[in-house]
Amino acid sequence: MSRPIVISGPSGTGKSTLLKKLFAEYPDTFGFSVSSTTRQPRAGEVNGKDYNFSTVDDFKKMIDESKFIEWAQFSGNYYGTTIDSVKDVINSGKTCILDIDMQGVKSVKKTDLNARFLFVAPPSIDDLRKRLEGRGTETTESLEKRLGAAYAEMEYADSGAHDLVIVNDDLEKAYNELKNFIFEK
């Protein structure tokens, strides 16, 4: 069984773009652990593919039943990775990819998953602000919360918590670094 790969980093660093490229190039190699959330779907997001969308009451029930490897509350919504979502990928024979936040990384480190950890960093906070503003999905308040979280996540990454930190200042360079990390033996 291959070790799960945990990818984390602030919102807006390009994690989703990198993962889409990886899955397109290697469609039968990786499985994405689909996270659960109580936030509303964004345009084009599909339940069960992008996220498992849930009500707050259902999410809290799953917390009480210890269904999550990790979960967190951020910007008023809950996010989490269920044990079943990771096992589904592993049982399919694929390498499981988890896209989770700093709290999730800390939680996964406490499990017996023996995961490998990769952090995707922005070139700078100013660059990250521009990327998030460019999405057009953030309010002033949510932007400031995301940037505050980004500072904390980057500080945590600086502590050596991850096996590798990639600065996504050039998509192709970052993608090659991602592939080198994933496929190293």
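# Why these labels?

Modeller: Let's start with helix α2 (residues 56-64), which lies across β3 (36-37), β5 and β6 and runs at about 45° to β6. This is a predicted model, where local features need pLDDT of at least 70 and side-chain atom pairs count only at pLDDT 80 or more, while totals for chains, interfaces and linings use all residues. Residues are numbered from 1 along each chain as its sequence is written, and side-chain values use heavy atoms, with hydrogens and water left out.

Biologist: What makes a run a helix or a strand, and what is the angle to β6 taken between?

Modeller: Both are DSSP runs numbered from the N terminus: helices are H or I with at least four residues, strands E with at least two. Axes are lines fitted to C-alpha atoms, for helices over the stretch in contact (heavy atoms within 4.5 Å), and angles run from 0 to 180 degrees between N-to-C directions.

Biologist: Why are β4 and β5 called edge strands?

Modeller: The open sheet has 4 strands in the order β4-β3-β6-β5, with mixed pairing. β4 (52-53) and β5 (68-74) each pair on one side only. Pairing takes at least two DSSP bridges between two strands. β5 and β6 (residues 77-82) have 6 bridges in the antiparallel sense, so they pass that cut-off. In β6, N77 is the bridge partner of F74.

Biologist: How do you know whether E70, in strand β5, is buried or exposed?

Modeller: Buried means under 20% relative accessible area, exposed over 50%, and partly exposed in between (1.4 Å probe, protein chains only). E70 has 4%, so it's buried. Its contacts beyond four places in sequence include Y79, T81, I100 and D101.

Biologist: And what makes E70 and T81 a polar contact?

Modeller: The definition wants N or O atoms within 3.5 Å; within protein, one must be able to donate a hydrogen and the other to accept it, and residues adjacent in sequence count only if both atoms are side-chain atoms. The E70 and T81 side chains make their contact at 2.4 Å, so the distance fits.

Biologist: Why is the Y26 and F183 pair called tilted?

Modeller: Rings of Phe, Tyr and Trp (its six-membered ring) pair if their centres lie within 6.5 Å; planes under 30 degrees apart are stacked, over 60 edge-to-face, and the rest tilted. Here the centres are 4.9 Å apart and the planes at 55°, so tilted it is. Y26 is in the loop between α1 (15-25) and β2 (30-32) and F183 in helix α7 (residues 171-183), so the pair ties together parts 157 residues apart in sequence. Y26, at 22%, counts as partly exposed, and F183, at 34%, gets that label too.

Biologist: What about W71 and Y78?

Modeller: That pair is tilted as well, at 5.8 Å centre to centre with 40° between the planes. W71 is partly exposed at 38%, whereas Y78 is buried at 10%. The structure holds 10 aromatic pairs, and F23, Y26, F30, F32 and F183 form one cluster.

Biologist: How do you know which ring the charged end of R116 sits over?

Modeller: The rule asks for NZ of Lys or CZ of Arg within 6 Å of the ring centre and within 35 degrees of the ring normal. R116 sits over the ring of F181, 4.1 Å from its centre, and K21 over that of Y175 at 4.9 Å. Both distances therefore fall within the limit. R116 is in strand β8 (residues 116-121) and, at 10%, counts as buried. The R116 side chain also reaches the backbone oxygen of F181 at 2.6 Å.
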